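Subject: Structure handover

Hello,

Here is the structure I promised you. Please open it alongside this message, as my notes follow below.

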Amino acid sequence: MEIDELKKLAKATAQNAYSPFSKFKVGSAILTTNGDVFAGCNIESSSLTFNICAERNAISNAISGKGNIQIEKVVIYTPTQKAASPCGSCRQLIFEFGKDASVYSHCDSEDYIQMNIRELLPAAFDFSEQ
Ligand code: THU
């Protein structure tokens, strides 16, 4: 799937977000090296002690569907004027399943971020190297 379609999917999936506390709807789409595509949105909880980010949800969907995937691209959409980078925990999870993943953040303006996961998470913890 091309990047424009992944962007559309991430934006459409953001509509499904359950975010009554932050009121911030995030959508994500991931492309695996096998060409499979999965999407996720953020989900919050009234305990306020945890939430599931859109990126993490897309990765969970991919692993649930296909097992040990390798991520090629992660696309993130936020309904903002400034593109948003993934949080620290999601960076680690993206790295876990995509040591060379490209991360694309887009929003409702022309602003965007495109970075490799190693740039976003320098000196990442890599258990396979311990
Ligand atoms: N959120 C994401 O889903 N992805 C990000 O990259 C940043 C933050 C969610 C978590 C929470 O539901 C809301 O956005 C506000 O932080």
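What do the buried residues of α3 pack against? They pack against α2, β5 (71–77), β6 (102–106) and α4 (117–120). Please keep in mind that this is a predicted model.

**Helix α3 and its partner**

The buried residues in α3 are Cys 90, Arg 91, Ile 94, Phe 95 and Phe 97. Glu 96 also sits in helix α3. Glu 96 is partly exposed, with a relative accessible area of 39%. Its C-alpha lies 15 Å from that of Lys 66, and the two residues are 30 apart in sequence.

Now the pairing with α2. Two packed helices are described by the angle between their axes and the distance between the axes. Helix α2 covers residues 54–66, and helix α3 covers residues 88–97. Their axes come within 9 Å and cross at roughly 30°. Angles under 35 degrees count as roughly parallel, and α2 and α3 are therefore roughly parallel to each other. The crossing of the two helices is left-handed.

Which residues make the contact? From α2 come Glu 55, Arg 56, Ile 59 and Ile 63. From α3 come Ser 89, Cys 90, Leu 93, Ile 94 and Phe 97. By type, the residues of this contact are six nonpolar, one polar and two charged.

**Ile 63 and Ile 71**

Two isoleucines are worth a look.

Ile 63 belongs to helix α2. Its relative accessibility is 29%, so Ile 63 counts as partly exposed. Setting aside residues up to four places away in sequence, Ile 63 touches Ile 69 and Phe 97. Thr 80 is 17 residues from Ile 63 in sequence. In space, the C-alpha atoms of Ile 63 and Thr 80 are 29 Å apart.

Ile 71 lies in strand β5. Ile 71 counts as buried, at 4% relative accessibility. Which residues does Ile 71 contact, leaving aside neighbours within four places in sequence? They are Ile 30, Leu 31, Thr 32, Ile 59, Ile 94, Phe 97, Gly 98 and Ala 101. Ile 59 and Ile 94 also appear in the contact between α2 and α3. Phe 97 is in that helix contact too. Asp 111 is 40 residues from Ile 71 along the chain, with 24 Å between their C-alpha atoms.

**Cysteines**

How many disulfides does the structure hold? The count is zero. Take Cys 53 to begin with. The closest cysteine sulfur is in Cys 90, at 3.8 Å from the sulfur of Cys 53. That is too far for a bond, because a disulfide needs the two sulfur atoms within 2.5 Å. Cys 90 is in no disulfide. For Cys 90, the nearest cysteine sulfur is that of Cys 87, 3.8 Å away.

Are Cys 53 and Cys 90 buried or exposed? Cys 53 is buried, with a relative accessible area of 16%. Cys 90 is buried as well, with a relative accessible area of 1%.

**Positive phi values**

Most residues other than glycine have a negative phi, and most peptide bonds are trans. Two residues here deserve a check on that point.

Leu 48 has a positive phi, near 60°, and is not a glycine. Where is Leu 48 found? Leu 48 is in the loop between β3 (43–44) and β4 (51–52). Its relative accessibility is 60%, so Leu 48 counts as exposed.

Ala 123 also has a positive phi, near 55°, and is not a glycine. Ala 123 is found in the segment after α4. With a relative accessible area of 85%, Ala 123 is exposed.

**In brief**

The axes of α2 and α3 come within 9 Å, and their crossing is left-handed. There are zero disulfides in the structure. Leu 48 and Ala 123 have positive phi values. Ile 71 is buried in the model, whereas Ile 63 is partly exposed.

Best wishes

Note on methods. Residues numbered from 1 in each chain as written. Predicted model: local features only at pLDDT ≥ 70, side-chain atom pairs only at ≥ 80, totals over all residues. Heavy atoms only, no water. Axes fitted to C-alpha atoms, helices over the stretch in contact; angles between N-to-C directions. Helix = DSSP H or I, 4+ residues; strand = E, 2+ residues; numbered from the N terminus. Parallel < 35°, antiparallel > 145°, perpendicular 65-115°, else oblique. Left-handed = near helix turned anticlockwise from the far one by under 90°. Contact = heavy atoms within 4.5 Å. Nonpolar A, V, L, I, M, F, W, Y, C, P; charged D, E, K, R; others polar. Buried < 20%, exposed > 50% of the residue type's maximum accessible area, 1.4 Å probe, protein only.
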